[in-house]
Amino acid sequence: MEPQLKHTVADGVATVVISNTAKRNAMTAAMWRALPALLDRLADDTGVRVLVLTGAGNTFCAGADILTLRDPHEDPREDPQRLAVRAEEALAAFPKPTLAAVRGYCVGGGCQLAAACDLRFAEEGSLFGVTPAKLGIVYPAASTARLVSLVGPATAKYLLFSAELIGTDHALRSGLLDEVVPRDQLGPRVAEFSRVLVSRSQLTQTAAKEFAAGRDDRGAYWRAAARDSDDPVEGVTAFLERREPHFTWTPRPGAVLRGTTGG
């Protein structure tokens with residue numbers, strides 16, 4: 001089957017599937033190139049509240065497909081690493097909550113993509129690694145900074161210096177993972193948690209995502225948005241009435257800063 005990025009949208013959740021099963025879902029140059037445009041479309045879709053990134057079958061992503069990145073038909077002026085960074089930055093800047101659902105190998109460019117998501121859930125037995133030291137490649141500065149922000153300098157150096165793979169226990173302790181679930185339970189757990197995210201206030205989530213990414217110049221904007229929104233009143237009223245809230249705030253076109261990125 002042709003390597004591709006598949007996606008579906010259902011019940012507020014967009015699921016993007018990395019599909020290149022013949023090569024453990026390695027990302028081809030075309031797939032790296034396609035991801036930012038796909039994310040732009042999903043960001044503009046008002047029916048999308050959460051994005052889940054996962055891999056086809058039993059592997060998340062084993063990195064970049066080196067052969068396609070050196071394809072003689074590709075433009076030799078296009079730096080393969082730049083393609084990956086552009087895709088990573090687009091994922092980090094996605095304005096809605098993102099969750100990487102990991103099975104099996106999450107290595108190299110795959111780990112780069114997972115780190116760019118807001119949250120990471122993994123099935124027991126999954127393996128993680130950042131492997132440029134095996135290829136003599138300089139890992140991008142922005143990607144290194146995101147990894148350090150996520151796991152701290154000591155673990156980032158361990159991963160980058162050694163190119164060794166770590167298991168889910170180590171990844172969870174270091175902060176690379178948020179949850180580890182038993183085998184065959186990843187799908188149900190991600191679906192359950194995605195429903196939780198969809199049910200929460202987009203106002204809270206969107207502002208929190210900007211603030212967590214380091215934006216400290218938008219406090220006034222978000223205070224005004226909260227004053228103009230029904231979400232705070234609805235949240236308190238639902239709490240007092242012991243019912244689930246029905247939040248209605250949605251971002252106005254152009255109001256959310258997609259250029260905001262962070263680990």
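**Exercise 1. Classify the exposure of R24 in this predicted model, then describe its backbone and place.**

Solution.
- Step 1. R24 has a relative accessible area of 46%. Partly exposed covers the range between the under 20% of buried and the over 50% of exposed. R24 is therefore partly exposed.
- Step 2. Turn to the backbone. Most residues other than glycine have a negative phi. R24 is not a glycine, yet its phi is positive, about 50°.
- Step 3. Locate the residue. R24 sits in the loop between strand 2 (13–19) and helix 1 (29–44).

**Exercise 2. Is R242 buried or exposed, and where is it found?**

Solution.
- Step 1. The relative accessibility of R242 is 82%. The cut-off for exposed is over 50%, so R242 counts as exposed.
- Step 2. R242 lies in the segment after helix 11 (231–240).
- Step 3. Its phi is positive, about 55°, although R242 is not a glycine.

**Exercise 3. Describe how helix 9 and helix 10 pack.**

Solution.
- Step 1. Two packed helices are described by the angle between their axes and the distance between the axes.
- Step 2. Helix 9 spans residues 202–212 and helix 10 spans residues 219–228. Their packing angle is about 175°, and the axes are 11 Å apart.
- Step 3. Angles over 145 degrees count as roughly antiparallel. Helix 9 and helix 10 are therefore roughly antiparallel to each other.
- Step 4. List the contact. Helix 9 contributes L203, T206, A207, E210 and F211. Helix 10 contributes G219, W222, A225 and A226.
- Step 5. Sort by class. The contact of helix 9 with helix 10 has six nonpolar, two polar and one charged residues.

Technical notes
Residues are numbered from 1 along each chain as its sequence is written. This is a predicted model: local features need pLDDT of at least 70, side-chain atom pairs count only at pLDDT 80 or more; totals for chains, interfaces and linings use all residues. Side-chain values use heavy atoms; hydrogens and water are left out. Axes are lines fitted to C-alpha atoms, for helices over the stretch in contact, and angles run from 0 to 180 degrees between N-to-C directions. Helices (H or I, at least four residues) and strands (E, at least two) are DSSP runs, numbered from the N terminus. Angles under 35 degrees count as roughly parallel, over 145 as roughly antiparallel, 65 to 115 as roughly perpendicular and the rest as oblique. Contact means heavy atoms within 4.5 Å. Ala, Val, Leu, Ile, Met, Phe, Trp, Tyr, Cys and Pro count as nonpolar, Asp, Glu, Lys and Arg as charged, and the others, Gly among them, as polar. Buried means under 20% relative accessible area, exposed over 50%, partly exposed in between (1.4 Å probe, protein chains only).
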